Structure formats: structure tokens, C-alpha cells
Amino acid sequence: MKSLFHSVLFVFLFSLVSCQTTKEPSVQTTDETKTDNLAPKDILPPPGGEGEIILNEKGEEVQNHTGEIPFFQKKSDLPQEVFRVYIASDSYMVRQIRHTDKIRRKPDAGGDELSKEEMKKYDLLSFVDDGIISIGLNTVTGKLESIAFDRRVPRINDIAKIIQNDASRFNYEHSSKDGSPLITRFLVTYQIRLYPGKTRDEIKQMLQKKK
């Protein structure tokens, strides 16, 4: 609870000064989503480069288009970036943007749901953040060998832990004949979205009680 209290305090104070460095993705309401689904979507180049195939969290091939959240649309400037993950309490989405012919994330719907559930307790104020995880796989077994933040760490420690735990549960399929990994080091880029579950007055009262 102490850690959660500190996270609440940080999010609240950070929101007050309006100092977000990451632009919030366009989150649609139900009616807006229906309307958006009817609107034509322009196809965009693959984020990982020309000729790259994009896979979603189910392992299905998808295209980059203007209906995607901005986080998924933008061109990748990191050659080692292979996966992009978006997590909110109501959404868990993955896009593999490179090397689908060599490595693929195994779908894990149950694990995806658990990561969404973890986000619910932090739905206090509207907040967007990101983080980059560096993954190292064993060169023989292809199993996770090392995991660490690279370049960008989420500002909320508890969120950073959720992201790191999420990346550590991934299992991969390797396309070599003997099952040994062809890709052993890569980046997973995360974006997280918190929703305003409480008013500012409610959070102030909660923080005053804690003090």
C-alpha cells in the first residue's frame, strides 16, 4: 500500500503541473469507435521498414493504417525494436514490427488479461507513459536470459514493474530447423494508458487521510 500511495501521489502531482512528455493516444468511446470503424482507413508503411510483416497479439497478420493508435503507426527509429505493446485496464495490444520470419511471440490471452487487470488499480487520473525493455535470449535454448530497461523507464515505479513482468512472460517460436534462436537480442517498446477513475478532490482527500 505504501508503494501504491507513493504512485498515487506522483501521478496526482505530475498531473497538476501538466508535464507529460508523451502525447496521449486517441482513445475512442463506444459510439466513436463504431463511427471510426465505418470511416475509410489509409494504409501506412510498415513501422519496421518496407516489406516487413506486422503481427498482432493473436499472431494474426495486420496492416499499419490510420485507424491504429499513433503509438503503433509511427515509423521505428530503433533498429532493434521488434515488439510494441499497448496496455490499459481495458485493452492489451501487441504489434510485432520486425523479423516475423525468424521469431514470433506465442499468443497468451490469459497473460494479456492479467496484465490488463494489474493496470486497474492505477486508474486514478488520465496519464500516458512509456518504457523500453531490452530482451536477451539464450543462444541455445531461445529462453529468456536477460531483461532490463533500455533508454526509457516509466515514471511510476509500480508501472515499471508491471511492464517488466509482462515482457518476462513472453514465449517465442523460432523459425530455424532445430528450434535454436536466430534473433537473441531485441527491444520491446511499451505504452501504458491510465484513465481518470477519481476526481482531483477525491484524490486530495485520499492523500490527506494517508498523511
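## Tyr172 and its ring partners

Tyr172 has 10% relative accessibility and counts as buried, because the cut-off for buried is under 20%. Phe170 and Tyr172 form an edge-to-face aromatic pair. Their centres are 6.4 Å apart, with 70° between the planes. Phe170 is buried as well. This is a predicted model.

The structure holds six aromatic pairs. One of them joins Phe83 to Tyr172. That pair is tilted: the centres lie 6.0 Å apart and the planes meet at 45°. It links distant parts of the chain. Phe83 sits in strand S3 and Tyr172 in strand S8 (residues 172-174), 89 residues apart. Phe83 counts as buried because its relative accessibility is 0%. Ring pairs gather Phe83, Phe170, Tyr172 and Phe186 into a cluster.

## Arg105 over the ring of Phe170

Arg105 belongs to strand S5 (residues 103-105). Its relative accessible area is 8%, so Arg105 is buried. Arg105 lies over the face of Phe170, at 4.4 Å from the ring centre.

Which side chain makes a polar contact with the side chain of Arg105? Asp112 does, at 2.8 Å. A polar atom of the Arg105 side chain also lies 3.3 Å from the backbone oxygen of Glu57. Beyond its neighbours within four places in sequence, Arg105 is in contact with residues including Phe83, Phe170 and Tyr172 from the ring cluster. Its contacts also include Tyr92, Val94 and Gln96, three residues that point one way from S4.

## Strand S4 and its hairpin

Strand S4 covers residues 91-96. Six of its six residues are buried, so the strand is largely enclosed by the rest of the structure. In a regular strand the side chains alternate between the two faces of the sheet. In S4, Ser91, Met93 and Arg95 point one way. Tyr92, Val94 and Gln96 point the other way. Residues on both sides are buried.

S3 and S4 run antiparallel and are joined by six bridges. A hairpin connects S3 to S4 through two residues. Across the pairing, Tyr86 stands opposite Met93 in S4.

## Arg84 in strand S3

Arg84 is part of strand S3 (residues 81-88). Is this arginine buried or exposed? Arg84 counts as buried, because its relative accessibility is 1%.

The side chain of Arg84 has a polar contact of 2.8 Å with the side chain of Glu81. A polar atom of the Arg84 side chain also lies 3.3 Å from the backbone oxygen of Phe72. With neighbours within four places in sequence set aside, Arg84 still touches a run of residues from Phe71 through Phe72, Gln73, Lys74 and Lys75 to Ser76. Met93, Val94 and Arg95 are among its other contacts, and these three belong to S4. Pro47, Ile97 and Thr189 are also in contact with Arg84. The C-alpha atoms of Arg84 and Asn56 are separated by 9.5 Å, and the two residues are 28 apart along the chain.

## Two buried arginines

Arg84 and Arg105 can be set side by side. Arg84 is buried at 1% relative accessibility, and Arg105 is buried at 8%. Each side chain has an acidic partner at 2.8 Å: Glu81 for Arg84, and Asp112 for Arg105. Each also has a backbone oxygen at 3.3 Å from a polar side-chain atom: that of Phe72 for Arg84, and that of Glu57 for Arg105. Val94 of S4 is in contact with Arg84 and with Arg105.

Technical notes: Residues numbered from 1 in each chain as written. Predicted model: local features only at pLDDT ≥ 70, side-chain atom pairs only at ≥ 80, totals over all residues. Heavy atoms only, no water. Helix = DSSP H or I, 4+ residues; strand = E, 2+ residues; numbered from the N terminus. Buried < 20%, exposed > 50% of the residue type's maximum accessible area, 1.4 Å probe, protein only. Contact = heavy atoms within 4.5 Å. Polar contact = N/O pair within 3.5 Å; in protein donor to acceptor, adjacent residues only side chain to side chain. Pairing = 2+ DSSP bridges. Phe/Tyr/Trp six-rings, centres within 6.5 Å; stacked < 30°, edge-to-face > 60°. Lys NZ or Arg CZ within 6 Å of the ring centre and 35° of its normal.
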